[in-house]
Amino acid sequence: MLNLVLFGPPGSGKGTQSEKLITKYQLVHFSTGDILRGEINAGSQLGKEAKSFMEKGELVPDSVVIGMIAQKVDQNLNAKGFIFDGFPRTVAQAEALDKMLKERSIGISGMLSLEVAHDELVKRLLNRGLSSGRADDKDENVIENRIKVYNKETAPVADFYNKQNKFHGIKGVGEIDEIFNRLVSAIDTLA
Ligand code: B4P
């Protein structure tokens, strides 16, 4: 199986590049952001719990997100592989993912980290906010909080994978196809 973690700050292109990677490698895509927005739109209990965190640019509690992903993995055990997009976002989530995959005799092949500077992130997210309808893309203060939360709670996850020699930094600025080619080159070096 080819199991990838696509990592990077909000607006770094994770969702954009995941769409292209799932087509090329025929992987099952798990975007915790998309799953949570689906729960909010469905008005579920989980969605109600997640909404207040997401609107402020805070992370949804680990217990909620971890349970959600385990369920999705179990529904797709015959897949060629997975892309985890926007997950894990805390070291606790990374540890839980490793444990959960190990229990199923699978593991992460590599982590690809899209690197984009702060001002470009804000510009992209405000731009997406013009059409996405996402409350967390419209307000610059919320965007700044998402980046702050990323730096504090999510950035340490890179070190977690670096210690396992699974970290690959990818320049996330430029044309979408150019960035995709950089990702493919890194993926093709994975065992
Ligand atoms: P996500 O849905 O993961 O949102 P994101 O990080 O903002 O999106 P992404 O990074 O995929 O966007 P993309 O660059 O593709 O999370 C939203 C919220 O959900 C979080 O704040 C949190 O509250 C919650 N959440 C999700 N997962 C969680 C977890 N595991 N634990 C706890 N809470 C969790 O796109 C951005 C824009 O840039 C697009 O408009 C795109 O067109 C543009 N773009 C992309 N590439 C470009 C390029 N090369 N040049 C120019 N523009 C580009």
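**A tour from the ligand outward**

Begin by selecting the ligand: 29 residues surround it, and those that come nearest are Gly13, Thr32, Arg37, Glu58 and Arg146. Please bear in mind throughout that this is a predicted model.

**Contacts with the ligand**

Select glycine 13 next. One of its backbone N or O atoms lies 2.3 Å from an oxygen atom of the ligand. Then move to glutamate 58, where a polar backbone atom is 2.7 Å from an oxygen atom of the ligand. At glycine 86, a polar backbone atom is placed 3.1 Å from a nitrogen atom of the ligand. The ligand taken alone would expose 1,000 Å², and the protein buries 87% of that.

**The pocket and its surrounding shell**

Display the protein surface around the ligand. The ligand sits in the largest pocket. Now colour four helical segments in turn: α1 (14-25), α2 (32-42), α6 (118-132) and α10 (176-187) are the elements that give two or more residues to the shell around the ligand. Which element supplies the largest share of that shell? The answer is α2, which contributes 4 residues. Colouring the shell by residue type gives 10 nonpolar, 10 polar and 9 charged residues.

**An aromatic pair**

Leave the ligand and turn to the aromatic rings, for which the count comes to 6 pairs. Select phenylalanine 30 and phenylalanine 82: their ring centres are 5.2 Å apart and their planes stand at 35 degrees, so the pair is tilted. This pair links distant parts of the chain, as its members are 52 residues apart. Phenylalanine 30 belongs to strand β2 (residues 28-31), while phenylalanine 82 belongs to strand β3 (residues 81-85).

**Two backbone details**

Follow the chain to proline 88, located in the loop between β3 and α5 (91-103). Show the backbone here: the peptide bond from phenylalanine 87 to proline 88 is cis, with omega near 0 degrees.

For the last stop, select glutamine 26, in the loop between α1 and β2. What is the sign of phi at glutamine 26? Phi is positive, at about 50 degrees, although glutamine 26 is not a glycine.

Technical notes. Residues numbered from 1 in each chain as written. Predicted model: local features only at pLDDT ≥ 70, side-chain atom pairs only at ≥ 80, totals over all residues. Heavy atoms only, no water. Near = heavy atom within 4 Å. Polar contact = N/O pair within 3.5 Å; in protein donor to acceptor, adjacent residues only side chain to side chain. Areas by Shrake-Rupley, 256 points an atom, 1.4 Å probe, with all protein chains shown as cover. 1 Å grid on protein atoms, 1.4 Å probe; cavity = no way out; pocket = protein on both sides within 12 Å on 5 of 7 lines; lining within 4 Å. Sits in = over half its atoms within 2 Å of the grid points. Nonpolar A, V, L, I, M, F, W, Y, C, P; charged D, E, K, R; others polar. Phe/Tyr/Trp six-rings, centres within 6.5 Å; stacked < 30°, edge-to-face > 60°.
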